[in-house]
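Subject: Structure for you to look at

Hello,

Please find the structure below, with the sequence alongside. My notes on what was found in it follow.

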Amino acid sequence: MDLAAFLILLSLETGMETESLIRLKADCLCNATKGYVEIAYHKRRARGAEWKRLRVTDSSSTTPGGLIRLAIALTERARRHLETDRLWVLWTVAGLRAAGEDMRKGIDAFVKHHGLTGDNDAPLHLNLSRLRKTQKAEWYRRTGGQMEQFAVGHSVAVAARHYAEIPALAHIHDAALADAFNDALDAARIVPGPETAATFDARPEE
């Protein structure tokens, strides 16, 4: 249940995939500078570029960097006993082990412990893999549809297709597209200067 809490918060704060968060190494933090740090992580689906880095805030324990530093400290003793470099080591009825991707029992216990419910007031079915889309949607709202800021870890085309083009964000997405088209139209309407006009007039008729 503690692991579920860490992963939920980190996923919502960073937008990283759950599988990447679960497989973090204990030495994943690097290049700390001026309140920021990079998280080195592995993304299995990124063929040819599986190892990536994400720059996040790193100050108090509520920032992504601070949360991971807390996890490193809390799991240090268990990692030493298990002789592993995996960050998430936990105690189960079977003893110490590194965290796996099957966390359904821990997630359900977390939901029950905190009394989390869905829109129908039934116990919430929390799917960690969907938290990334939740984080992306929130960031899209914050940036007002600015794709360059929104598409962290993706190309603009992939970010738009998988995260921006959803019903809940339709009004923001449509407004962003309209702004982009208007900018392009304004650029196309630039009045040619004297040099441009002279060059155009000098061309022979076809």
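Strand 1 (residues 29–33) and strand 2 (residues 36–42) run antiparallel and are joined by three bridges. Two of the pairings are easy to look up: leucine 29 has isoleucine 39 as its bridge partner in strand 2, and cysteine 30 has glutamate 38. The two strands form a hairpin with two residues between them. Lysine 34, in that turn, has a positive phi of about 50 degrees. Please keep in mind that this is a predicted model.

Strand 2 also pairs with strand 3 (residues 51–57), in the antiparallel sense and over seven bridges. Glutamate 38 appears here again, with arginine 55 as its bridge partner in strand 3. Arginine 55 also lies over the face of tyrosine 36, at 4.2 Å from the ring centre. In a regular strand, side chains alternate between the two faces of the sheet.

Now the chain as a whole. The protein chain has nine helices and five strands. Their order along the sequence is α-α-β-β-β-α-β-β-α-α-α-α-α-α. The chain has 206 residues, and 35% of them count as buried. It exposes about 13,500 Å², of which carbon and sulfur atoms supply 54%. If you take the contacts between residues at least 6 apart in sequence, 45% of them join residues at least 24 apart.

Next, the aromatic rings. A pair of aromatic rings is described by the distance of the centres and the angle of the planes. The structure holds one aromatic pair. It consists of phenylalanine 6 and tryptophan 88, whose ring centres are 5.5 Å apart and whose planes are at 50 degrees, so the pair is tilted. Phenylalanine 6 belongs to helix 1 (residues 2–14), while tryptophan 88 is in the loop between helix 3 (64–82) and strand 4 (89–92), so the pair ties together parts that are 82 residues apart in sequence.

Are these two residues buried or exposed? The cut-off for buried is under 20% relative accessible area. Phenylalanine 6 counts as buried because its relative accessibility is 17%, and tryptophan 88 counts as buried at 4%.

Tryptophan 88 is also one end of another link across the sequence. Alanine 26, in the loop between helix 2 (18–22) and strand 1, is 62 residues from tryptophan 88 in sequence, yet their C-alpha atoms are 8.1 Å apart in space. Leaving aside neighbours within four places in sequence, alanine 26 is in contact with Ile72, Arg79, Asp85, Arg86 and Leu87.

Last, helix 4 (residues 104–114). Which of its residues are buried? They are Ile107, Phe110 and Val111. These residues cover an arc of only 95 degrees around the axis, which puts them on the same side of helix 4. The spacing is worth a thought: an α-helix has 3.6 residues a turn, so residues three or four places apart point the same way. Lys105, Lys112 and His113 are exposed, on the other side of helix 4. Helix 1 is included in what covers the buried residues of helix 4. After helix 4 comes glycine 115, which has a positive phi, near 60 degrees.

Regards

Key:
Residues are numbered from 1 along each chain as its sequence is written. This is a predicted model: local features need pLDDT of at least 70, side-chain atom pairs count only at pLDDT 80 or more; totals for chains, interfaces and linings use all residues. Side-chain values use heavy atoms; hydrogens and water are left out. Rings of Phe, Tyr and Trp (its six-membered ring) pair if their centres lie within 6.5 Å; planes under 30 degrees apart count as stacked, over 60 as edge-to-face and the rest as tilted. Helices (H or I, at least four residues) and strands (E, at least two) are DSSP runs, numbered from the N terminus. Buried means under 20% relative accessible area, exposed over 50%, partly exposed in between (1.4 Å probe, protein chains only). A charge sits over a ring if NZ of Lys or CZ of Arg is within 6 Å of the ring centre and within 35 degrees of the ring normal. The arc is that of the directions from the helix axis to the C-beta atoms. Contact means heavy atoms within 4.5 Å. Two strands pair if DSSP finds at least two bridges between them. Accessible areas come from the Shrake-Rupley method with a 1.4 Å probe; for residues, only the protein chains shown count as cover.
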